[in-house]
Amino acid sequence: MTSRAPRKPSVIIIGTGFGGLGMAIQLKKAGYEQITLLEKEGAVGGTWRDNTYPGAACDVQSHLYSYSFEPKHDWSRKFGLQAEILGYMEHCVQKYDLARHIEFDRAVATASFDSQSNEWVVGTESGDEYRADVLITATGQLNRPAIPAIPGIDRFKGTCFHSARWNHDYDLTGKRVAVIGTGASAIQFVPEITPKVAALDLYQRSAAWVLPKADRPFTALEQSLFRKLPAWDRLYRAMIYWKNESRGLAFTRFNRLLDIFARQARKEAQAWVTDPHKLKHIIPDYRIGCKRILISNDWYPAINQPHLNLITEGISEVDETGVVTATGEHRPVDAIIFGTGFKATEFLSPIKITGRQGVALNDAWADGSKAFKGITVNGFPNLFMLYGPNTNLAHNSILFMLESQFQYIISSLDSLARYPGAAMEVREDRQTRYCQVVQHSLENSVWDSGCTSWYLDEHGRNTINWPGFTFSYRFSTRAADTADYQFLEPEAGR
């Protein structure tokens with residue numbers, strides 16, 4: 001292929017969460033100006049826009065759960081709250097002049113690769129069409145609420161909603177409430193609503209390992225030091241990073257190290273929960289780390305409240321006035337709140353993505369989602385994913401992984417710019433070999449210890465987590481190796 005004068009490709013980014021905004025900022029810094037961000041809602045923020053339930057907060061420390069290139073010195077707490085995190089994202093939009101690149105209320109329905117022009121054609125639910133050389137997806141893994149198919153739920157005459165679509169118009173004060181699920185969201189909102197409600201039925205399928213949260217407000221002096229001594233701010237961030245990173249060994253290689261945390265969780269539960277029945281069922285029976293470890297200082301005190309009923313029987317159905325358990329007991333409630341998480345393994349759904357030769361991404365992933373470095377997929381030229389398969393973490397900040405992906409994608413686009421009109425596609429053998437190594441590494445991890453979790457897809461394959469250190473991922477994504485790709489000229493018209 002003959003190299004021609006560089007021309008920076010045009011880019012469409014789907015989503016304006018941390019991935020989409022950070023990618024756009026870094027692209028602009030690298031000289032890319034033909035950028036369009038398509039956002040399905042009317043505001044930026046992704047999961048931090050959607051999850052406004054009481055107590056919503058991050059479980060990664062504030063200084064690390066923010067862009068390394070845009071430090072915030074005045075975080076109010078060690079672990080950021082939802083409104084403050086969203087405000088930080090809105091600040092980034094303003095500072096880096098992203099608003100003019102964003103098209104709001106543009107829910108993407110289809111994305112098809114046109115082999116004759118080597119462009120991606122993106123269609124929205126409202127009928128708009130966009131074209132660009134490159135498509136970058138930044139839809140995240142925690143954006144589509146998962147609601148279990150409980151018989152009769154449509155018959156319920158009370159109020160019903162998912163935690164990610166919190167109904168702020170409904171006053172829970174004095175109400176009888178059923179909460180279904182005890183995941184990361186429930187851990188945060190249950191303690192907030194328990195003092196308000198008359199009775200709370202908490203339906204637990206399996207208990208979660210819950211550790212204390214080392215959270216507190218920053219003092220004015222600390223905030224001043226972060227602002228006046230940027231080097232201290234960066235050192236503080238680095239200390240958090242390496243402390244978190246050290247836990248990677250426990251999750252991936254030396255699982256017995258996690259037993260230390262299990263003992264700590266048991267001790268906390270025994271200190272707060274006095275009801276023998278609750279204490280028996282609130283401690284998990286699976287190895288710690290197999291599912292997501294949660295952090296909270298008020299979960300166990302909430303569980304111990306006499307008007308909170310911990311129910312471990314399954315749900316048979318829901319009728320007009322309440323929930324019927326598997327044992328046949330009818331429990332009347334005024335409201336049902338789902339804390340049942342998200343469809344994390346259904347990457348990019350419900351967007352219909354079609355690659356080269358008309359291959360649908362759902363068909364290419366029929367036996368499980370897979371991608372080279374979690375970013376590119378064979379058969380889908382010029383498509384790059386942020387937070388793709390096997391890039392999630394259990395021990396550190398996903399923003400560190402995202403920034404590694406930003407760097408890799410820009411390196412790829414710089415290579416692509418040297419061949420105007422061409423499209424780059426990862427070679428099938430490189431993708432296959434990479435995914436085999438990842439899956440082999442996961443065989444030795446705690447996530448392979450036998451429990452059922454949202455890390456596993458319908459085939460029992462872990463398509464979510466990265467099985468190593470974040471610094472090793474960063475090293476592997478420091479630059480795109482063109483030997484991993486084939487460059488395709490536009491096909492002749494048919």
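Modeller: A residue counts as buried under 20% relative accessible area, as exposed over 50%, and as partly exposed in between (1.4 Å probe, protein chains only). This is a predicted model, in which local features need pLDDT of at least 70 and side-chain atom pairs count only at pLDDT 80 or more, while totals for chains, interfaces and linings use all residues. Residues are numbered from 1 along each chain as its sequence is written, and side-chain values use heavy atoms, with hydrogens and water left out.

Colleague: What makes Arg77 partly exposed?

Modeller: The relative accessible area of Arg77 is 25%. That value falls between the two limits, so Arg77 is called partly exposed.

Colleague: How do you know that Arg77 forms a salt bridge with Asp215?

Modeller: The term requires a side-chain nitrogen of Lys or Arg within 4 Å of a carboxyl oxygen of Asp or Glu. For Arg77 and Asp215 the closest N and O atoms are 3.1 Å apart, so the pair meets the rule. Arg77 lies in the loop between helix 2 and helix 3, and Asp215 in the loop between strand 11 (210-211) and helix 5 (220-228), so the pair ties together parts that are 138 residues apart in sequence. Helices (H or I, at least four residues) and strands (E, at least two) are DSSP runs, numbered from the N terminus.

Colleague: How many salt bridges does this rule give?

Modeller: The count comes to 26 salt bridges. Another pair is Asp59 with Arg292, whose closest N and O atoms are 2.6 Å apart. Asp59 is in the loop between helix 2 (47-50) and helix 3 (82-95), and Arg292 is in the loop between helix 9 (276-282) and strand 12 (294-295), so this pair ties together parts that are 233 residues apart in sequence. Asp59 has 30% relative accessibility and counts as partly exposed; Arg292, at 28%, also counts as partly exposed. Salt bridges also link Asp429, Arg430, Arg433 and Asp484 in a network.

Colleague: Asp97 and Arg100 form a salt bridge as well. Why is Arg100 called exposed?

Modeller: The relative accessibility of Arg100 is 53%, which is over the upper limit, so Arg100 counts as exposed. Asp97, with a relative accessible area of 37%, is partly exposed.

Colleague: Why is Leu135 called buried?

Modeller: Leu135 has a relative accessible area of 1%, under the lower limit, so Leu135 is buried. This residue is in strand 7 (residues 134-137). Contact means heavy atoms within 4.5 Å. Leaving aside neighbours within four places in sequence, Leu135 is in contact with residues including Ile12, Trp120 and Asn382. Leu135 and Asn382 are 247 residues apart in sequence, yet their C-alpha atoms are 6.4 Å apart in space.

Colleague: What makes helix 4 mostly covered?

Modeller: Eight of the ten residues of helix 4 (residues 184-193) are buried. Among them are Ile187, Phe189 and Val190.

Colleague: Why are helix 1 and helix 3 called roughly parallel?

Modeller: Axes are lines fitted to C-alpha atoms, for helices over the stretch in contact, and angles run from 0 to 180 degrees between N-to-C directions. Angles under 35 degrees count as roughly parallel, over 145 as roughly antiparallel, 65 to 115 as roughly perpendicular and the rest as oblique. The axes of helix 1 (residues 18-29) and helix 3 come within 11 Å and cross at roughly 25°. Helix 1 and helix 3 are therefore roughly parallel to each other. In their contact, Phe18, Leu21 and Ile25 of helix 1 meet Ile85, Tyr88, Met89, Cys92 and Val93 of helix 3. These residues divide into eight nonpolar, no polar and no charged. Here Ala, Val, Leu, Ile, Met, Phe, Trp, Tyr, Cys and Pro count as nonpolar, Asp, Glu, Lys and Arg as charged, and the others, Gly among them, as polar.

Colleague: What makes helix 1 oblique to helix 12?

Modeller: The axes of helix 1 and helix 12 (residues 398-417) come within 10 Å and cross at roughly 45°. This angle belongs to none of the other classes, so helix 1 is oblique to helix 12.

Colleague: Why is helix 5 called roughly perpendicular to helix 6?

Modeller: Helix 5 and helix 6 (residues 230-245) pack at an angle of about 105°, with their axes 4 Å apart. That angle lies in the perpendicular range, so helix 5 is roughly perpendicular to helix 6. Leu225, Phe226, Arg227 and Lys228 of helix 5 make the contact with Pro230, Trp232, Asp233 and Tyr236 of helix 6. The residues of this contact divide into five nonpolar, no polar and three charged.
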